[in-house]
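The following explanation is a guided reading of one protein model. Please keep the sequence and the structure in view while reading.

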Amino acid sequence: MARLEIERIPVLQDNYVWLAREADSGAVAAVDPSVAEPVLAAAERRGWKITHILNTHHHPDHTGGNLEIKAATGATIVGPSHDRARIPGIDVEVSDGGSYDLGRERAEIFFVPGHTKGHIAFWFRNSDALFCGDTLFLMGCGRLFEGTPEQMWNSLSRLRALPESTKVYCGHEYTQSNARFALTVEPANADLKARAAWVDRMRAEGKGTVPGTMGDERKTNPFLRADVPAVAAAVGLAGADPVKVFAEVRRRKDVFR
Ligand SMILES: [Zn+2]
């Protein structure tokens with residue numbers, strides 16, 4: 001099976017829409033289209049026809065282009081069953097443990113509530129690609145708008161268990177500020193220091209940093225490391241339950257400037 005070809009489309013302030021093409025069938029998915037026009041234009045530049053829209057959650061900066069792209073292309077909209085009422089134009093509902101085939105490439109569905117109560121992620125095992133919306137960011141995670149720390153920790157723990165080679169295609173370019181915060185939690189983490197320096201170089205050159213790999217996330221993302229003793233100690237909670245540690249790291253990030 002051919003792996004997905006994936007193109008990054010930066011839109012709005014810091015959103016990423018992803019175009020994913022399965023070459024054997026010609027199926028092309030727009031993942032979390034914030035807006036329609038730049039996504040349609042990017043597909044056209046490549047000679048790709050959008051056949052699907054994959055939505056991880058209902059927020060307008062992830063679904064705002066749904067109806068216009070569907071009207072222009074006839075694309076099938078796939079989204080979380082928990083949020084069927086909040087996904088514009090939804091055609092196919094998917095839920096935890098289920099799957100969806102984009103042409104010949106299969107996405108396995110993870111229910112990952114926390115940022116919103118209906119959030120899902122699409123994992124294309126054969127392509128080593130995870131589309132995780134606003135659940136996991138490089139060195140960060142989404143704000144808890146609708147979920148609890150326990151839900152988000154469980155969600156992130158499931159994503160963390162994917163293979164280290166998994167590429168993390170998230171919904172925003174927040175990496176540099178996330179790295180600055182992560183360094184306040186783990187200033188002595190050598191992997192983190194090296195990665196933060198790389199991010200600074202990339203951003204200085206005006207380049208995007210996404211995707212990253214799950215292996216790098218495990219080593220550098222404080223939100224995936226709430227069960228690491230050094231992280232618990234760093235937030236004054238040595239020996240505490242990882243959910244409590246996670247909640248404290250998240251609280252500190254919420255007020256970090
Ligand atoms: Zn969101």
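**The open sheet and its surroundings**

In this predicted model, six strands make up an open sheet with mixed pairing, and their order is E7-E8-E9-E10-E13-E14. At the edges stand E7 and strand E14 (212-213), each of which pairs on one side only. Helix H4 (residues 149-160) packs on this sheet and touches E8, E9 and strand E10 (129-133). The direction of H4 makes about 150° with that of E8.

The edge strand E7 deserves a closer reading. In E7, which covers residues 99-102, the side chains alternate between two faces. Tyr 100 and Leu 102 point to one face and are buried, whereas Ser 99 and Asp 101 point to the other face and are not buried. Four bridges pair E7 with strand E8 (residues 105-111) in the antiparallel sense. Within this pairing, Arg 106 in E8 is the bridge partner of Asp 101. The two strands form a hairpin with two residues between them, and there Gly 103 takes a positive phi near 55°.

Another hairpin can be found earlier in the sequence. Strand E1 (residues 5-11) and strand E2 (residues 15-22) run antiparallel and are joined by seven bridges. Glu 7 stands opposite Leu 19 in E2. Three residues lie between E1 and E2, and Leu 12 in the turn has a positive phi of about 50°.

**The nonpolar cores**

Which residues touch the most other members of the largest nonpolar core? They are Phe 122, Phe 124, Phe 131 and Leu 159, in a core of 51 residues. Strand E9 (residues 120-124) gives the most to this core, with five residues. Phe 122 can serve as an example: apart from residues up to four places away in sequence, its contacts include Leu 54, Val 78, Val 94, Ala 107, Ile 109 and Phe 131. Polar residues are also found in its list of contacts, among them Asn 55, Thr 56 and Glu 108. A second, separate core has 17 residues, including Val 11, Leu 19, Ile 69 and Ala 75.

**A buried residue in a helix**

Asn 66 belongs to helix H3 (residues 66-73). Is Asn 66 buried or exposed? Its relative accessibility is 0%, and therefore Asn 66 counts as buried. Neighbours within four places in sequence left aside, Asn 66 is in contact with Pro 33, Ile 53, Asn 55, Ile 77, Ile 87 and Pro 88.

**A pair of helices**

Two packed helices are described by the angle between their axes and the distance between the axes. For helix H5 (residues 175-185) and helix H6 (residues 190-204), the angle is about 150° and the axes are 10 Å apart. The angle therefore makes H5 roughly antiparallel to H6, since angles over 145 degrees are counted in this way. The contact is made by residues of both helices, among them Thr 175, Gln 176 and Ala 179 of H5 and Leu 192, Ala 196 and Val 199 of H6. H5 passes H6 in a left-handed crossing.

Gln 176, which is found in H5, shows this contact at the level of one residue. Leaving out residues up to four places away in sequence, Gln 176 touches Val 199, Asp 200 and Arg 203. Gln 176 and Val 199 are 23 residues apart in sequence, while their C-alpha atoms are 6.1 Å apart in space. With a relative accessible area of 32%, Gln 176 is partly exposed.

Conventions:
Residues are numbered from 1 along each chain as its sequence is written. This is a predicted model: local features need pLDDT of at least 70, side-chain atom pairs count only at pLDDT 80 or more; totals for chains, interfaces and linings use all residues. Side-chain values use heavy atoms; hydrogens and water are left out. Buried means under 20% relative accessible area, exposed over 50%, partly exposed in between (1.4 Å probe, protein chains only). Two strands pair if DSSP finds at least two bridges between them. A nonpolar core is a set of buried Ala, Val, Leu, Ile, Met, Phe, Trp, Tyr and Cys residues joined through side-chain atoms within 4.5 Å. Contact means heavy atoms within 4.5 Å. Axes are lines fitted to C-alpha atoms, for helices over the stretch in contact, and angles run from 0 to 180 degrees between N-to-C directions. Angles under 35 degrees count as roughly parallel, over 145 as roughly antiparallel, 65 to 115 as roughly perpendicular and the rest as oblique. A crossing is left-handed if the near helix is turned anticlockwise from the far one by less than a right angle, and right-handed if clockwise.
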